[in-house]
2 protein chains.
Amino acid sequence: MPKYIYFFGGGKADGDASMKDLLGGKGAGVAEMTRAGIPVPPGFTLTTQLCRLWYADRKSFPKDLDAQMLQNLARVEALTGMKFGDATNPLLVSVRSGAKVSMPGMMDTILNLGLNDKTVLGLAGRTGNERFAWDCYRRLIQMFGNVVLDIDKENFERSLKARKAARGIVKDTDLTAEDLRALVEEFKATVQAHAGKPFPQDPARQLMMARDAVFRSWNNQRAIDYRNIYKIPHDLGTAVTVQSMVFGNTGDKSGTGVGFTRDPGSGDKVFFGEYLTNAQGEDVVAGIRTPLPIAQLDKEMPEVFAQLREITGRLERHYRDVQDFEFTVQEGRLYMLQTRSAKRTGFAAVRFAVDMMKEGVLTPEEAVLRVEPDHLQQLLFPVFDREKRKAFAPVAKGLNASPGAASGAAVFSAEESVRRAGRGERVVLVRAETCPDDVKGMKASQGVLTATGGRTSHAAVVGRQMGKPCVVGCGMLAVDEHARQFTVGEHVVREGDALSIDGTTGEVMIGEIPTRESDIIRVLRGELPAAESELFAYYSDFMACVTKVGGVKVRANADVPADAEAARHFGAQGIGLCRTEHMFFAAERLPIVQQMILFAEEAKRAMTEIAALEAKAKKATGPEKAEEEAKLAKARAAGSEPIAKYRGALDQLLPLQRGDFLGLFRTMKGFPVTIRTIDPPLHEFLPKREELMVEIAVAKAKGETGEALAAKERLLERVESLHEFNPMLGHRGCRLGITFPEITEMQVRAIFEAACEVAGEGQTVVPEVMIPLVGHVNELKDQKAIAVRIAEETMKRTGRKLAYLVGTMIEVPRAALVAEEIATEAQFFSFGTNDLTQMTFGYSRDDAGKFLKEYVQDSRVLPTDPFVSIDRSGVGQLMRLSVEKGRAARPGIKLGICGEHGGDPDSIEFCAMLGLDYVSCSPYRVAVARLAAAQSLLRSRATAAKAKPERATKRDAAAPARKPRRAARVAAKASSKVVAERAIVRPTKPAARPAMASARPGHPATRIIRIAQAGGKARRK
Amino acid sequence: MPKYIYFFGGGKADGDASMKDLLGGKGAGVAEMTRAGIPVPPGFTLTTQLCRLWYADRKSFPKDLDAQMLQNLARVEALTGMKFGDATNPLLVSVRSGAKVSMPGMMDTILNLGLNDKTVLGLAGRTGNERFAWDCYRRLIQMFGNVVLDIDKENFERSLKARKAARGIVKDTDLTAEDLRALVEEFKATVQAHAGKPFPQDPARQLMMARDAVFRSWNNQRAIDYRNIYKIPHDLGTAVTVQSMVFGNTGDKSGTGVGFTRDPGSGDKVFFGEYLTNAQGEDVVAGIRTPLPIAQLDKEMPEVFAQLREITGRLERHYRDVQDFEFTVQEGRLYMLQTRSAKRTGFAAVRFAVDMMKEGVLTPEEAVLRVEPDHLQQLLFPVFDREKRKAFAPVAKGLNASPGAASGAAVFSAEESVRRAGRGERVVLVRAETCPDDVKGMKASQGVLTATGGRTSHAAVVGRQMGKPCVVGCGMLAVDEHARQFTVGEHVVREGDALSIDGTTGEVMIGEIPTRESDIIRVLRGELPAAESELFAYYSDFMACVTKVGGVKVRANADVPADAEAARHFGAQGIGLCRTEHMFFAAERLPIVQQMILFAEEAKRAMTEIAALEAKAKKATGPEKAEEEAKLAKARAAGSEPIAKYRGALDQLLPLQRGDFLGLFRTMKGFPVTIRTIDPPLHEFLPKREELMVEIAVAKAKGETGEALAAKERLLERVESLHEFNPMLGHRGCRLGITFPEITEMQVRAIFEAACEVAGEGQTVVPEVMIPLVGHVNELKDQKAIAVRIAEETMKRTGRKLAYLVGTMIEVPRAALVAEEIATEAQFFSFGTNDLTQMTFGYSRDDAGKFLKEYVQDSRVLPTDPFVSIDRSGVGQLMRLSVEKGRAARPGIKLGICGEHGGDPDSIEFCAMLGLDYVSCSPYRVAVARLAAAQSLLRSRATAAKAKPERATKRDAAAPARKPRRAARVAAKASSKVVAERAIVRPTKPAARPAMASARPGHPATRIIRIAQAGGKARRK
C-alpha cells in the first residue's frame, strides 16, 4: 500500500522540499523546515495521491485511513504534550489545503478543530482566558458549519448582529465571554436547523469531516475557475495538512507576523516585515489595529527577534533564495508557520540575484536562474520622472497589476479611449472593471485603472499581456461611468482631467506626471552616464552572467536603423527579420508603391503580349509579317504607359530601399542581416475597398460626376481586382515575387547595391536574402534564381565580392512537410511561426479572438494561446520535422525563428531544444530572450546531468571534479525547479511545545505579500 | 557501350512495343509492327538516351555514331534494293522525332533526304516522273534550309510566289518540272546567301545534319511550352527514327490514307477512314482534293484493301485495342507507317470495351482498364443536339469547369434565375463570379457562365457538385451585372437573350441550341425504358464489369433526398457528407437562420450573465441578497427577448432539419449517412457588409431617416461584429458549435429524432455524426459529449436503440499531426481535403486563381492544381500520417474522404493506396469514382504481381494455374500501360520492297483524329 500520510515534528519529517507533487507546497515546506530544525508546530500531511484516489473512487478512502490518522495524531499529542479532545489540556488542530501550485484562498481551511462543549472549558482553564476560548469555539462552529455543512454564512452573521444590537455594541471584540457562550448555543441551534443534525461533539469526527470538506474544495467552482485562468491541470489534486495550532493572541508575550528576508519591492538587503503583539490575523482584517514594523519585535522580545533573524537567515541560505515567512509567538516561544521563496518585483529579482551572487551564495548560473524573463522586462518599462514624481501625492492606491508608469487624460469608455488616441492624445482608461469589449480601448491607452477586480481580473491579465501599466481593484474610487467621472476622497476626476498611475506600486495620482524611459534604455542610448544609474549597474552585472552562460543566439526583428541600434544595445547578434514592406508605408513612399501596384497587372499583361507578338512577327512571312508587325507596334504603344509607370515606380523605390539597407548594414557592423522580400498582399497598400464603395455610391447619390469620381471608380476597379476573401491565404509572399519578378529584382538589387557600398567602406556585410511563404521548392528555385542573378550582376558591376545566403521562411505547413526538398535550395530556414501557427491550426490571428479567448479561458480547449507560446505538439511537430529533414538534406543548414514566438521564453526553450542557431524577436525583447536562452541552456544541461547514470554526491570530492558537479547541481535544481537539498546547520534552539496562533487568508502577511508582489508576474506558473 | 541504334525491317526488329522510353512512341511502334510481320518501310531508331547524352555532353555524340548509322543504312539499302546517294536508284529517307509521349507537330521532321543534283535525276528516271522528282528535291531544300539551317521560310516562299506570278499561275501543282528545276537553283542560291554555305550535296552529311536538327528540336520553345502545358518532364529526350521513304503520289496505283479499326466517335464496329489516290499528305492540307471514304479503296484496289483490313484487324487483336493507323500504297504495294491506340469519345470508349469483351478479346478486368474515368463521365452529361449544334459558331471560350451542354435565356442574378425558372423558363446564369448567395440561382439554372475564376472557383465546384454545365474564367466577356448584359467582341447579350454553353469544351454560343439529358440518367430516373436506350445497355454492361472488380467503396456527398436518390442510382454505398447548412439557404429558412444568428451572441451573453447572477444571488446574504436578486431579475428581463428569439429560431429549425434527415435516411435504406454539423461562418447567412454600408451611406446622403434605416444600421452593426478578415480561418466549424452549443444540440437532436423515426418504420439507420474543423482533441471531446448526450436522450425518449458513430473531419493540418490524440475520441476520420489543401499550402481556394493559373501553367511551380488532384507529397503526407497515427490509436478506425478530391481518379488511387474505407464524391461522379476505384485496385494488384519473384511465363501451363496468371498479366499491362507482348500469327503476305509515301502533321489523319477526340480529355497524361 502506498504511503498516504507524512508526519512532521520534533525535528524529523517523512517528507521534504522535493515532494511538492505529493505533499503540496505547504506540506513539503513544513516538512523541510522541520527537518532543518526550524521550530514548526507538528502535524501530518495527507497526500495529493489520496485526493486523486478519493475522486477516482467516488469519494471514499482506503479503509484504515482514519485509524492511521489517529495514530499520527497521537504522535502530535506526544510532541505537544496536549491531547486531542482532552477535557483539561486539549490539543487543537487546523486542517488546510495545499496543492503543488499555490492557489491562494481558493480552497478551504478549518481552524480550531478539537473544541467541543467540554474542551472549550479546558482551553479556557489552560489559557486563563475564557473569552478567547469561547471565541475560538464560536469561530469553529461558524467555519465548520459553512465549509463542512454548507450552511449559508448569513445565518451565523444574523445571530452575531442581533446579539451586538441587543447589547448595544458595534465591534465583535466588545462581546464578552458570556455573549460568546450564548452565541455558541445559537450557532449550534442553527447547525441543527439547517444541517438537520447537531454540530459534532466528537473531535475525531470533526477532523474526518473537515478533511473531506477540504478535499472536496479542490473542485469548488472558484478553484476550477482559478485553475483555468492559470492553466493549472485539474488532475493534480490537493494535499491536506493537519497541524497543531499555536496562538498569538494569548497575551503580551504572544504575537504574530510576516516578513521577508530582504525587501521584495526594492531589493534592498533589509529584514522586512510587520508584527502585532497579542494578536491573530483576523484582528488586522477587522481593521482595529495597525501592525508594527518588525523592528519593534526587537524592542519587545529581543530574544525572539534574534531567533527569528537567525532562523530566517538560515532559511535564506538553505533555500538559496529570499524567503517570505509567517511566524507566531506563543507565550514567548517562536513558531515558524510557513516559508517560501518571496514574490518580488523585477528590480528586486535582479538585485537579489546579483547581490546573492556577490555574497557567494549563488553561482552566476544560479543567479541567471533566479530571475524570470518577465522580471527583466519590467526593468525596461517607462517610469515616472523621479524628481517630478515627488510633487504628486497619491490620492489612492490599488493593486499593482501590471508594472510601469502611465499618464494622460482620464477617459471612461473604450470608445473615447480609441477616439482620443486616434487624434494623438495620451489617455488613461478608467473603468469600474474592464470586459473584453474594452480591449481596443486598453490598447489605445497609456494605462488602465479599475475600481474592482484583483490581479487576475480581466484588466490585469490583458494589461500585462499588452505590457500596459495597470492598477486594479482600487476600491477607494467611486467610478461613475455614466457621468464620466470618479471621486476619491474629496477629489473629482472628470473625463479629460490629467491622471497618472504607477503600475509598479499601484498608486494613483491626479495630474500628469511626465514619464520617462527606463534608465537602462537611457544609458544604452548614451543619454545617461552609466555611473549615474544603480539600475543599470545591476542590469549590467546580471547580463554579464547571462552572457557568460550563453545559449541559443538572439537576433532582432528590425526594419529601420533605430530599431537595429536598440537591438545591438541589448546584445542582439544580428537581424533575423527585416520586413522590407514596412518601409513602403512611409508617407512619401506610399504614392510610389501605389503607382507600382496600380500598373503592375496591366504592365505585366502588356509585356507578355508584346513578347508573344515579337515572337510571332519574327516568324511570320509575307503580308502576314507586316500585319504582325503592325499588331506589335500597336501593342507597344498601348503598353507603353503602364510599363513606364510600373517600371518608373520601381526605379523610384530602388534608391529608397537601398538607403534603408545601407543604414541597417552600417548599424549591424558585420553581424548578419536577414532581409525578407515583399510579403503582404498588394491591396494592403491601397485604400479600403468598402470605403471606396461607400464614397462612390454617396457621390453618385448626390449627383456628382466628373473626373475625380471617374478616377475613384478606376481605383475601385483595381482594388476590386485585387480584393481577396482570405488575404492571409492569398496572393502574397513569394507568390507576388513570382507573378511580378520585377519587384523581387528591385529589392534584391537594393540589398546588394547597399551591401557593396558598405563593403566599400571597409566593413564586413553579411546579407541573407529571405524568401517568404514558400510551400514548394520550385517557388524558392524561381526566386533564388532571380536573387542570385541580381546579386552576381551587382557584385560584378561594383567589383565587390560578398558572402551571402539565400534562404526561406518555413511558415506554410507544406514547406515543413517537404523540408528535405526545400533544403536542397535553401541555405537557411527561418521559422515564421506566426503564419505557421495560423495555418496549422487554421486560425486567422485577426479573427481568432472571437473563439480563442473562450478556448483558452473558459472552454479549456487549449492549454495556452498558440500565438503566445509555440504549440509544441502541432506546430512544434512541423518545426521538428523541418529541422530533421532540412539537416538531412543540407547538413549544417542555418536555422532560426523570426515569428513573435522568438521573444517568448517558453518558445525559446523549445527552439533551443530543437537546436536552432538563433531566435529573433523585437529589439526590446532581446535582453529577455537572451535570459530565456541562457536559462534553457542551463535546464538542458540539468536534464543531461540527470540522465547521467553516475553523479557525484559527496561534497568533499576532489577539487577538479567540483566544477562539473556544481554545474550539475545547479542544473538539476533548475530542471526540477525545487531547491537543492543542502545540509544545513542544526538550529541552536529546537522548538518545543507549540500552542496557539494562526496565519490565514486576510492575515497581515497577505497584505504585505501583496505589496511585495509589486509587479511580480502572477500569471506565470 | 550501350546500344544506341535499333534497327527494324524485313520482319525483324531490335526493339519492340515495350521500349517506348528508349525508342519513343514512333520507334517502338514501327519495331513492334515490323516484328508482327506488318509491312513497314525499314529503318532504324536512335534512342532517347542518345538525345540525353547529347544534351549532357554539349551536343556531341559518341565518336563512331556516324559510322554505326551508315552501317544500319546499308541494311536498309539491302532490304529495299536501293542505295543512299545512288545516281540511278537512290534510297530516300525521312528523319523524324518521336518522344515517349506524343507531342504532335511540336518537333521537327525532314523528308526526302538523299536527294542532290545527281540523285534527283535517278529518282526521275526510276519513277518516270520528272516533275515529281524535282518537286521532292525543292521540298527537301526548302525544309532542310528552314529546319536545319534556320533560314526564314519567307525566303523560299518569295521565290515560289515570284515564279508563279511570272508564269501567271496560282497553284503550286501547276508548276512544271522545268519550273521546279529552276526553283531548285534559286533555293540553292538562297541557302548559300543566308547560311553562308551551299546546300550539302553529300547525302550522308544531309542525314547527320538532319539528325542533329531533330535532336535540337526537343528544346525548341514550342516543344518546351507544350511539355509545360501537358506536364511532360523535360528530361525525357526524343528518339530519332530514320526510315526509308515510300510515296503515295507516284501514280494511280499509289495513294495514302488514315483510319481507325472502329469508329472512334460513335464506337460503331465499322472500319473507318479516308483515302486519296496518287497523293501525299500535303495535297490534302493544300485543300485541293477531298479525301474519299476508305471503302473506295476496295473498289480501286480490292487486294490492297483486303490486306489493309487483314493487317489492321490483326493489329487490333495484337494490341488488344482499337487502332488509329496511317498507310501508304506505293505502286500497288501497301506499307503501314504508324499504328497506335485510337483517341476516342467517351461513348466509343465504353462501347469498344464492352464489345471487345463480348468478342472475347478482353477480359472484364481489361475492359475496365480501357475506359478513362472521365470518358465515363461524358456519358452522363446533357448533350447538344449534334446536328443543330453545327449552325452555331462559338463567340468565346472559357475554362471547361463542369462538363455538359446548357442553353436558355441569359440571366444576370440569382434572383432572376430563380424567378424565371419558377415560371418554367430555361436559363443560363451569367455572373462576373459566383458566391454562396448564388447557389439557389445556380440550382435553378441550366448552366453557369462566369468571367473570372478557375476550375476550382466557387462556380466550378458548385457546378460540378450539382452536375450543372459550367464555363468559368471566360475573360473575353465584359459582364455588367448592373446593366444586366455582357459584351464579347461586337456582340452584346442582354438579359433574356438566348445563350448556350458547352461545359465540356468551354465554348460559348449565342442562341439556344437544343439540349437533352443523357439517356442514362433518364433511364435511371425511370423516364425512359432501359430497353429503348442502347447507351444505357452499354453503360449497364460496363458498370457490371466495374462492380465485379470492386475496389475502395464509393459514397456520395448529398444534402437532400434527390441527390441521395441519384447517388443510389449510380451505386453509392452511403452518404459520406451531408452539409447541414446547405439547407439553411432555402428561402423559407434563411429568415429563421438569420434570426438565430442575430440573437445568438446577445442571448449567449445574457445566459452567461444570468447564470453568474444566479450563483451570486444564491451565495449572497442580507441586504446584498436582495440587491443581487434585483440584479438577477433585471438581467432576466433584459435577456428574455434575445434568449427567446435565439431559442425560438432553433426550435423552428429543429423540425425542418429533422425532415431533411428523414428523407436522407429513408432514401439510403440502411447505408451509412454521415452528417456534418454546421460549418461555415455565420456571416455567410447575412447580407453582405459592404452592400449594407453602401445602402446606409446612400440613404443617409439622401437625408433618409426612420425605423427602416435604423433597422439596417442595427443589422450592419451585427454584420460588422461578425465580419472576419479571413473567414476561411475564422469562427466556423466546431468553433461555432463550441461557442454556441445550442446549435449543435439542435442539429444532433434533429438527426436522432429522424433516425429513431425511420428505425420505427422498420428500416436500418446508420447515422454518423461528423464534427468539422477539429484541430485539437478537446474540441472533439466537447462536441462529442453534446452529440452523445443528445443521442442517448433522444433514443431513451423514443425508446429506440441505434448504432451510431461520432467522428471528425481531418481538414486542419494540426488534426493530422495529432491524429493519435484525436483518434482516442473519433470513431471515424473523414479527410476534408479541400480545406486541408488550403491550409497545407496556405492557398485560399477563392483567391488562388490569381497565381495558381501561372503556377500550374506558365511558371511551372506546381505539377498539377492541388485542388484537382491530391498533392501527394504535402497534403498526402499529412493524410498518411493521420492514417498511421489514427490506426495506431484506434485499430480499425473507419477512414474516408469527402473533399472534392473524392471524385478525382488520381486522388482515388491515392486513397486506395492509403487503404481508406471509402471515398465520397458528388452524386454525379459516383460512377466515375467507382471506375477509378476498380482501376486502382487492378493496378495495385499489378504492382503486387510484379513484386512477386516468381511469375509464370509459359502459356501452356496447367489449367488451375491459369487464372492467377491471367490476372497477373492483365494487371501487369494495366500497371505499365503498355500492351502485353502476345504471340501473334505471322502475316499471310510479308511486306517486301517499300518505296514511297508519307504521313505527317497536317495529314488528313490529324483532321480525323481531331474530330475523333471530340470531348476526349486532352489534359490527362
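**Entry 1: an open sheet**

I started with an open sheet of six strands in chain A, whose order is 2-1-3-8-6-7 and whose pairing is antiparallel. I note here that I am working with a predicted model. At the edges I found strand 2 (12-13) and strand 7 (109-113) of chain A, and because each has a single partner strand, one side of each is left without a neighbour in the sheet. As a reminder to myself, strands of a sheet pair through backbone hydrogen bonds, either parallel or antiparallel.

I then followed one pair inside this sheet, strand 6 (residues 93-99) and strand 8 (residues 238-244) of chain A, which run antiparallel and are joined by seven bridges. Within strand 8 of chain A, I saw that Val240(A) is the residue opposite Ser97(A). Helix 8 (residues 203-217) of chain A packs on the sheet, where it touches strand 3, strand 6, strand 7 and strand 8 of chain A, and its direction makes about 20 degrees with that of strand 6 of chain A. I also looked up helix 3 (residues 65-80) of chain A, which lies across strand 1 (5-9), strand 3 (43-46), strand 6 and strand 8 of chain A and runs at about 5 degrees to strand 1 of chain A.

**Entry 2: strand 29**

Next I turned to strand 29 (residues 672-676) of chain A, in which five of the five residues are buried. I checked its two faces and found both covered, with Pro672(A), Thr674(A) and Arg676(A) on one side and Val673(A) and Ile675(A) on the other. Strand 29 of chain A pairs in the parallel sense with strand 28 (residues 575-579) of chain A over three bridges, and there Ile675(A) is the bridge partner of Cys578(A). With strand 30 (residues 766-771) of chain A, strand 29 of chain A also pairs in the parallel sense, over five bridges, and Pro672(A) stands opposite Val766(A).

**Entry 3: cysteines**

How many disulfides are there over all chains? I counted zero. For Cys734(A), the closest cysteine sulfur is that of Cys898(A), and because it is 14 Å away, it is too far for a bond. Cys756(A) is likewise in no disulfide, since the nearest cysteine sulfur, in Cys578(A), is 17 Å away. Both are buried, Cys734(A) with a relative accessible area of 1% and Cys756(A) with 3%.

**Entry 4: Gln838**

Last, I looked up Gln838(A), which is in helix 32 (residues 833-841) of chain A and is buried, with a relative accessible area of 5%. Its side chain is joined to that of Asp835(A) by a polar contact of 3.0 Å. Leaving out residues up to four places away in sequence, I found that Gln838(A) touches Met728(A), Tyr843(A), Ser844(A), Arg845(A) and Phe867(A).

Note on methods: Residues are numbered from 1 along each chain as its sequence is written. Chains are lettered from A and ligands numbered from 1 in the order in which they are written. This is a predicted model: local features need pLDDT of at least 70, side-chain atom pairs count only at pLDDT 80 or more; totals for chains, interfaces and linings use all residues. Side-chain values use heavy atoms; hydrogens and water are left out. A disulfide is a pair of cysteine sulfur atoms within 2.5 Å. Buried means under 20% relative accessible area, exposed over 50%, partly exposed in between (1.4 Å probe, protein chains only). Two strands pair if DSSP finds at least two bridges between them. Helices (H or I, at least four residues) and strands (E, at least two) are DSSP runs, numbered from the N terminus. Contact means heavy atoms within 4.5 Å. Axes are lines fitted to C-alpha atoms, for helices over the stretch in contact, and angles run from 0 to 180 degrees between N-to-C directions. A polar contact is a pair of N or O atoms within 3.5 Å; within protein, one must be able to donate a hydrogen and the other to accept it, and residues adjacent in sequence count only if both atoms are side-chain atoms.
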